[in-house]
Amino acid sequence: KIRCYEQPSSCNRFMFLLLTAPTWRLEEEAEARHVPLRLKDADGLHVPYDRKRRQQFDTTRKYRRLFSALERQRLIFSMLENPEWRGGAELDLDGLVDDGVLVSYLPLHTDERQRLIADWTKIRIYPWSNRRALPDLGLLQQPIHEVQDYFGESIAFYFAWLEHYSNALLFMMWGGIIVQGVAGQYASARAVYAILLAVWGTLLAESWKRRRAGLAHLWGAAAGVSTAESPRPEFIHAYKRLSAELRSRSMAVLGKFYNFRMKKGFYDGTGRFVKEELVDEVLVVSRRARIATQLAGFLILLLVFLVMIIGFLSIMTFRMLMTLAKEYEEHQWAGSYVGAFLNTVWISVMNIAYRKL
């Protein structure tokens with residue numbers, strides 16, 4: 001069902017596994033997962049995919065393909081990671097990377113990317129297109145819907161916000177020019193500009209809410225982009241290794257104290273764990289373990305912050321003493337250069353320490 005092609009790297013140290021799936025298998029997976037797709041001429045209405053209604057789904061923004069590049073990649077990932085009883089291969093890709101079986105896994109770009117870039121940078125003239133011919137480097141007239149079809153909702157929302165904000169700045173620019181030109185010589189001009197800025201900020205926030213809701217409806221993401229995060233794979237696999245080490249050293253008491261375990265179920269909107277046998281396992285951590293972990297993390301960050309402040313103040317004191325020293329009266333630049341060098345070294349050292357922690 002999934003085709004796999006092997007291709008060695010140029011250095012012969014790695015083997016690339018290129019995976020693809022035929023359209024009929026993608027349709028089968030989309031129907032099984034009830035993947036919502038956009039209907040033709042339905043004002044953004046999305047319905048679960050049904051092979052019997054294949055001709056009713058919109059393909060105009062997907063270069064006449066039934067599934068966009070993003071949808072194809074999501075379906076293939078679903079086939080690889082879903083359990084066997086759901087027709088998947090039941091592969092834990094993050095676990096395979098953590099165990100060293102895989103170096104990495106990633107979706108490859110397709111020819112749709114080149115079409116998107118060409119469409120993004122093309123200057124079009126109204127009324128033959130809804131994009132105006134302005135030299136704005138693509139900030140004010142972006143193909144947001146095509147970006148969503150290729151990169152996904154999160155990245156598309158970012159560029160939509162960038163476009164919305166850039167357009168709003170144009171109005172603020174003209175407002176500032178008018179205020180400066182009409183009342184620039186009066187002291188009240190600053191007060192007028194401050195009031196204008198406050199009104200503009202409010203209108204910007206409210207108009208973005210409306211714009212975001214409209215895009216979410218058109219993209220079939222009525223609730224917007226979810227901010228909920230699942231446990232990091234590195235954390236889960238580090239816990240599994242720690243559990244095996246604890247068992248091998250007969251330190252089960254410590255493992256019982258932290259109470260880390262994998263259970264079938266899910267977390268509801270309030271953060272409460274609900275048992276459910278028909279879903280995949282998730283990491284369940286006791287309240288005591290969460291508080292202990294958060295407290296330890298807070299203390300470590302506080303220690304790093306104090307060390308950073310002490311180092312910064314020490315460098316500032318050193319620069320001040322070099323500036324005031326009589327030996328360096330004729331070479332006061334030495335304090336600035338040496339201080340800048342020490343600042344660079346200190347920041348680099350603290351960045352390395354922070355990444356290690």
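**Figure 1. Burial across the whole protein.** Of the 357 residues of the protein, 28% count as buried. The model shown is predicted. The protein holds 11 helices and seven strands. Among its contacts with a separation of 6 or more, 47% join residues that are 24 or more positions apart. The views that follow pick out single elements and sites.

**Figure 2. Helix α2 and its neighbours.** Helix α2 covers residues 69-81. Its 13 residues should span 18 Å at 1.5 Å a residue, because the expected span is 1.5 Å times one less than the number of residues. The end C-alpha atoms of α2 are 19 Å apart, which agrees. Which residues of α2 are buried? They are Ala 69, Leu 70, Glu 71, Arg 72, Leu 75, Ile 76, Ser 78, Met 79 and Leu 80. These buried residues pack against two strands and several helices, as listed here:

- strands β2 (15-20) and β3 (36-38);
- helices α1 (23-33), α3 (93-98), α4 (111-121) and α5 (144-151).

**Figure 3. The second largest pocket.** This pocket has a volume of about 1100 Å³. It is lined by 32 residues. Closest to its centre are Leu 17, Leu 18, Leu 19, Tyr 105 and Leu 106. The strands β1 (3-8) and β2 each supply at least two residues of the lining. So do the helices α1, α2 and α3. Helix α2 thus appears again here, after the close-up in Figure 2.

**Figure 4. The largest cavity.** How many cavities of 30 Å³ or more does the count give? The count comes to one. The largest cavity has a volume of about 50 Å³. Its lining is made up of Arg 61, Lys 62, Tyr 63, Ser 68, Glu 112, Leu 116, Glu 146, Asp 149 and Tyr 150. Helices α4 and α5 each supply at least two of the lining residues. The largest share, three residues, comes from α5. Rolling a probe the size of a water molecule over the atoms shows where empty space is left.

**Figure 5. Ser 68 at the cavity lining.** Ser 68 is one of the residues that line the largest cavity. It sits in the loop between β4 (46-48) and α2. Is Ser 68 buried or exposed? Ser 68 counts as buried because its relative accessibility is 1%, and buried means under 20%. Leaving aside residues up to four places away in sequence, Ser 68 touches Lys 62, Glu 112 and Asp 149. Lys 62, Glu 112 and Asp 149 are also among the residues of the cavity lining.

**Figure 6. Aromatic rings on helix α6.** A search of the whole structure finds nine aromatic pairs. One of them joins Trp 161 and Tyr 165, and this pair is stacked. The ring centres of Trp 161 and Tyr 165 are 5.4 Å apart, with 15° between the planes. A pair of aromatic rings is described by the distance of the centres and the angle of the planes. Both residues lie in helix α6 (residues 153-183), four residues apart, about one turn of the helix. An α-helix has 3.6 residues a turn, so residues three or four places apart point the same way. Trp 161 is partly exposed, at 32% relative accessibility. Tyr 165 is partly exposed too, with a relative accessible area of 32%. Ring pairs link Trp 161 and Tyr 165 with Trp 200 and Trp 208 into a cluster.

**Figure 7. Phe 157 and Leu 215.** Phe 157 also has its place in helix α6. Phe 157 is buried, because its relative accessible area is 9% and the limit for buried is under 20%. Along the sequence, Phe 157 and Leu 215 are 58 residues apart. In space, the two residues are 8.3 Å apart, C-alpha to C-alpha.

**Figure 8. Ser 336 and Met 322.** Ser 336 lies in helix α11 (residues 333-356). Its relative accessible area is 37%, and Ser 336 is partly exposed. Met 322 is 14 residues away from Ser 336 along the chain. Their C-alpha atoms are separated by 8.8 Å.

**Figure 9. Cysteines Cys 4 and Cys 11.** How many disulfides does the count give? The count comes to zero disulfides. Cys 4 is partly exposed, with a relative accessible area of 45%. Cys 11 counts as partly exposed as well, at 41% relative accessibility.

Note on methods. Residues numbered from 1 in each chain as written. Predicted model: local features only at pLDDT ≥ 70, side-chain atom pairs only at ≥ 80, totals over all residues. Heavy atoms only, no water. Buried < 20%, exposed > 50% of the residue type's maximum accessible area, 1.4 Å probe, protein only. Contact = heavy atoms within 4.5 Å. Disulfide = S-S within 2.5 Å. Phe/Tyr/Trp six-rings, centres within 6.5 Å; stacked < 30°, edge-to-face > 60°. 1 Å grid on protein atoms, 1.4 Å probe; cavity = no way out; pocket = protein on both sides within 12 Å on 5 of 7 lines; lining within 4 Å. Points joined across faces, edges and corners; volume = space filled by probe spheres on them.
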